[in-house]
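These are my notebook entries on one protein chain. I began with its surface and then worked through its fold and its interior.

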Amino acid sequence: MKKYECEICGYIYDPAEGDPDNGVAPGTAFEDVPDEWLCPLCGVPKSDFEPVDE
């Protein structure tokens, strides 16, 4: 599963870790994260994330 980076603050969403503090279980692909989820660091929407080239 691909990692995604917040274009505003640089936070990396790692599907292996998820974001359990905000209701996203580990193992959740970015595509399956709810649309209302916000970056846990800066609060921007999911639409401000881009795939990370690995």
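Entry 1, surface. I looked up the accessible surface of the protein chain and found about 3,400 Å², of which 47% belongs to carbon and sulfur atoms. I note that the model is predicted.

Entry 2, dimensions. I recorded that the C-alpha trace spans about 25 × 25 × 15 Å along its principal axes. I then checked the radius of gyration: the chain has 10 Å, which agrees with the value near 10 Å for a compact globule, because the chain has 54 residues.

Entry 3, strands. I counted 0 helices and 3 strands, and from the N terminus on the elements run β-β-β. The 3 strands form an open sheet in the order S2-S1-S3, with antiparallel pairing. I marked strand S2 (12-13) and strand S3 (49-51) as the edge strands, since each pairs on one side only. Strand S1 (residues 4-6) pairs with S2 over 2 bridges. I also looked up the bridge partner of Tyr 4 in S2, and it is Tyr 13.

Entry 4, interior. I found that buried residues make up 35% of the 54 residues. Which residues make up the largest nonpolar core? I listed 11 residues in all: Tyr 4, Cys 6, Tyr 11, Tyr 13, Val 24, Phe 30, Val 33, Trp 37, Cys 39, Val 44 and Phe 49. In soluble globular proteins, nonpolar side chains tend to be buried together.

Entry 5, contacts. I took Val 24 from this core and left aside its neighbours within four places in sequence; Val 24 is in contact with Tyr 13, Gly 18, Asp 19, Val 33, Pro 34 and Trp 37. For the chain, I noted that residues 24 or more positions apart account for 45% of the contacts with a separation of 6 or more.

Technical notes
Residues are numbered from 1 along each chain as its sequence is written. This is a predicted model: local features need pLDDT of at least 70, side-chain atom pairs count only at pLDDT 80 or more; totals for chains, interfaces and linings use all residues. Side-chain values use heavy atoms; hydrogens and water are left out. Helices (H or I, at least four residues) and strands (E, at least two) are DSSP runs, numbered from the N terminus. The radius of gyration is taken over C-alpha atoms; the globule rule is 2.2 Å times the number of residues to the power 0.38. Buried means under 20% relative accessible area, exposed over 50%, partly exposed in between (1.4 Å probe, protein chains only). Contact means heavy atoms within 4.5 Å. Accessible areas come from the Shrake-Rupley method with a 1.4 Å probe; for residues, only the protein chains shown count as cover. A nonpolar core is a set of buried Ala, Val, Leu, Ile, Met, Phe, Trp, Tyr and Cys residues joined through side-chain atoms within 4.5 Å. Two strands pair if DSSP finds at least two bridges between them.
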